[in-house]
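Trainee: I would like to learn how to read a ligand site. Can we work through one together?

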Amino acid sequence: MIIVALDPPQNVDVEKWIKIRYDELKEYVQGFKIGVPAIIRVGLEGLSKIFKDYSGLLIADLKLADIGDVMALTASIVGDYGFNAVIAHAFVGYSQAVDELSKTCEKKGLKLILVVSMSHRGSEEFIDKHLESFVEIAKRVGSWGLVAPATRPLIIKRVRELIGSEVKILSPGIGVQGAEPGTAICYGADYEIVGRAITHSENVKQSALKIIENQKQRVAKCRG
Ligand code: BMP
């Protein structure tokens, strides 16, 4: 299960870059994650045209971290342009923050995904120390999914123990950041988020198929 992170480099025709990758990959992967660089360069109107017929996961990765009203307003806007999921930080807390965002997500039919740990080393300096509180917030609002790092799979294992089996875990860090395909799923994730290892390669379809195959093999092995 792969979600492709579409983070276009600076020196490209960004709409064309996204469209090509979307067309080549849509039948093989479970979703696309669009981050701030693509959203500010293409705009929501342009993105909604590219993805208008897509029925998989379409995640607005804004990593929202604001007061509840503003996060709710932002989520509502991206929902109007065809996104069906949104990523927010858990560290802003529950009251007047994630609780309000989650209510809007529910109203708009948006899946809420909360960041409870990150793939870079700095996550250990602050975020990881509060892992249990962040997972608690996710539980309290009934978050659809959580982000936890493929680069530190024991964190995924811990998050899975804390959150139970219903909530999805999405794990970035496969490929360029060093984790092997399948690692995160073996430790309890549902989806592996892959960006540059696919999107910056010479042949995106071939790279995606190879990663999917590697993922399958590793998962088959770890599940015996
Ligand atoms: P790549 O596979 O090219 O390293 O991309 C990873 C993607 O996952 C990026 O879009 C990044 O914003 C996102 N991500 C991450 O790398 N680590 C996190 O902890 C959370 C993320 O959303």
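Trainee: Where does the ligand sit?

Mentor: Remember first that this is a predicted model. A molecule is assigned to a pocket when more than half of its atoms lie within 2 Å of the pocket's grid points. Here the ligand sits in the largest pocket.

Trainee: How many residues surround the ligand, and which are the closest?

Mentor: A residue counts as near if one of its heavy atoms lies within 4 Å. By that reading, 15 residues surround the ligand. D7, K33, K63, S119 and R196 are the closest.

Trainee: How do the residues of the shell divide into nonpolar, polar and charged?

Mentor: Seven are nonpolar, three are polar and five are charged.

Trainee: Which strands each supply at least two residues of that shell?

Mentor: Two strands are listed: β3, residues 57–64, and β8, residues 191–194.

Trainee: Now the polar side chains. What is the distance from D7 to the ligand?

Mentor: For a polar contact, look for N or O atoms paired within 3.5 Å. A side-chain N or O atom of D7 is 2.6 Å from a ligand oxygen. With S119, the ligand partner is a nitrogen atom, and the distance to the side-chain N or O atom is 2.7 Å. R196 places a polar side-chain atom 2.7 Å from an oxygen of the ligand.

Trainee: How much of the ligand's accessible area does the protein cover?

Mentor: On its own, the ligand has 470 Å² of accessible area. The protein covers 88% of that.

Trainee: Turn to the record. Which residues does UniProt list under "binding site"?

Mentor: Treat such annotations with care, as they may be inferred rather than shown by experiment. The unreviewed UniProt entry gives D7, K33, S119, G195 and R196. From this set, the lining of the largest pocket takes in D7, K33, S119, G195 and R196. As for its place in the fold, K33 is found in strand β2, residues 31–35.

Trainee: And which residues are listed as "active site"?

Mentor: The unreviewed UniProt entry lists D61, K63 and D66. Of this set, D61 and K63 are taken in by the lining of the largest pocket. D61 lies in strand β3, and β3 supplies at least two residues of the ligand shell.

Trainee: Last, the domain. Which residues does UniProt list for it?

Mentor: Residues 1–211 are listed for "domain: Orotidine 5'-phosphate decarboxylase", again in an unreviewed entry. Over that range the chain is 44% helix and 19% strand. The C-alpha atoms at its ends are 10 Å apart.

Notes: Residues are numbered from 1 along each chain as its sequence is written. This is a predicted model: local features need pLDDT of at least 70, side-chain atom pairs count only at pLDDT 80 or more; totals for chains, interfaces and linings use all residues. Side-chain values use heavy atoms; hydrogens and water are left out. A polar contact is a pair of N or O atoms within 3.5 Å; within protein, one must be able to donate a hydrogen and the other to accept it, and residues adjacent in sequence count only if both atoms are side-chain atoms. Accessible areas come from the Shrake-Rupley method with a 1.4 Å probe; for residues, only the protein chains shown count as cover. On a 1 Å grid over the protein atoms alone, a cavity is a set of points where a 1.4 Å probe fits but cannot get out, and a pocket is an open set with protein on both sides within 12 Å along at least five of seven lines; lining residues have an atom within 4 Å of a point. Helices (H or I, at least four residues) and strands (E, at least two) are DSSP runs, numbered from the N terminus. Ala, Val, Leu, Ile, Met, Phe, Trp, Tyr, Cys and Pro count as nonpolar, Asp, Glu, Lys and Arg as charged, and the others, Gly among them, as polar.
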